[in-house]
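Hi everyone, thanks for making time. I'd like to walk you through a structure that's probably new to most of you, so let's put it up on the screen.

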Amino acid sequence: MSARPGRTRNGAGVSRVATTAAEVKAIASGCHELTDLDSAVAGCRACPRLVSWREEVAATKRAAFADQTYWGRPVPGFGPADSRIAILGLAPAAHGGNRTGRIFTGDRSGDVLFAALYRAGLANQPTSVAVDDGLVLHDTRIVAAVRCAPPDNKPTPTERDTCAPFLHREVELIAPTLRVVVALGAFAWNAWWPAYTAVYREPAPRPRPRFGHGALWHGSTGGPALLGCYHVSQQNTFTGRLTDSMLDDVLAQAVALVNAG
């Protein structure tokens with residue numbers, strides 16, 4: 001198994017590792033800076049199935065990465081605290097973020113996403129292979145609905161809900177500048193509504209707008225616009241359901257919405 005992370009310190013000055021959903025909520029709410037939240041995320045052990053899986057993957061490894069030390073922990077968000085664009089994904093990949101410790105880093109989905117961010121002027125380079133590779137995001141933060149790599153890329157509803165306070169607090173911390181959320185896939189799109197309600201104190205619309213590539217929704221309280229995009233999964237990109245030009249169009253729209261506001 002990978003080494004168990006040390007205890008984390010939240011913004012309230014209390015060193016704790018979350019082991020239950022209630023502790024996730026309490027610790028997340030006490031984080032007053034993104035650095036505190038990132039540390040709390042990285043130490044979480046609240047979902048037994050995810051803890052077991054992420055650490056098993058980190059121990060057994062993929063043959064191509066047999067000589068590497070896997071991160072094997074929950075993966076924090078990545079990007080500046082004053083971002084105006086948030087990219088909301090599903091969860092880290094077992095041999096991507098779970099290996100490297102940075103979301104969408106070291107896997108084919110990340111290859112597609114970061115190349116597109118670079119073309120859109122939102123990243124300083126088109127590749128993301130390791131945490132020390134020099135990548136810098138511009139005006140963009142990447143977050144995930146679930147912070148641990150799940151078996152078969154399918155977190156359970158309970159795991160999603162347990163992890164949700166981390167997402168809600170992260171959105172709250174970047175809310176002063178946040179203008180657009182790009183939801184990668186239906187899972188992320190659906191995870192946004194509880195976050196929106198928690199942060200902006202407005203009920204989710206009923207019926208909820210349906211996810212679709214290019215779907216756009218505006219709230220009424222000055223919160224960010226929500227923009228849908230097919231997930232950058234290998235299945236979508238290999239089959240042509242999501243092409244580079246389609247992804248470029250969504251990111252260009254996100255930039256346009258930011259500039260218009």
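I'll go through the nonpolar cores, then one buried acidic residue, then the salt bridges.

Before we start, keep in mind that this is a predicted model.

Okay, the cores. In soluble globular proteins, nonpolar side chains tend to be buried together. Here, the largest nonpolar core has 35 residues, and the ones that touch the most other members are F166, W192, Y200 and L226. Several elements each put in at least two residues, among them α1 (21–29), α2 (34–43), β3 (85–89) and α6 (157–174). Which helix gives the largest share of this core? That's α7, with eight residues.

If you want one residue to zoom in on, try W192. Leaving out residues up to four places away in sequence, W192 touches L88, V171, V181, Y200, W217, P224 and L226. There's also a second, separate core of 30 residues, including V112, L113, L184 and L242.

Now, the buried acidic residue. D107 sits in the loop between α4 (97–100) and α5 (108–119). So what does D107 have for a salt bridge partner? None: D107 is buried, and the nearest side chain of opposite charge, R99, is 7.4 Å away. For scale, the salt bridge cut-off is 4 Å. What D107 does have is a polar side-chain atom 2.7 Å from the backbone nitrogen of G110. Setting aside residues up to four places away in sequence, D107 also touches A93, G96 and G97.

On to the salt bridges themselves. The count comes to eleven, and I'll pick out a few. E55 and R45 pair up at 2.8 Å, N to O. E55 is in helix α3 (residues 48–60) and R45 is in the loop between α2 and α3, so the pair ties together parts ten residues apart in sequence. Both E55 and R45 are buried.

Next, D248 and R119 meet at 2.9 Å, N to O. This pair links distant parts of the chain, with D248 in helix α9 (residues 244–260) and R119 in helix α5, 129 residues apart. Buried or exposed? D248 is partly exposed, at 25% relative accessibility, and R119 is partly exposed too, at 42%.

Then there's D161 with R160, a salt bridge at 2.9 Å, N to O. And finally, salt bridges with shared partners join D38, R141, R147 and E170 into one network.

That's my tour, so over to you for questions.

Methods
Residues are numbered from 1 along each chain as its sequence is written. This is a predicted model: local features need pLDDT of at least 70, side-chain atom pairs count only at pLDDT 80 or more; totals for chains, interfaces and linings use all residues. Side-chain values use heavy atoms; hydrogens and water are left out. A nonpolar core is a set of buried Ala, Val, Leu, Ile, Met, Phe, Trp, Tyr and Cys residues joined through side-chain atoms within 4.5 Å. Buried means under 20% relative accessible area, exposed over 50%, partly exposed in between (1.4 Å probe, protein chains only). Helices (H or I, at least four residues) and strands (E, at least two) are DSSP runs, numbered from the N terminus. Contact means heavy atoms within 4.5 Å. Lys and Arg count as positive and Asp and Glu as negative; His and the chain ends are not counted. A polar contact is a pair of N or O atoms within 3.5 Å; within protein, one must be able to donate a hydrogen and the other to accept it, and residues adjacent in sequence count only if both atoms are side-chain atoms.
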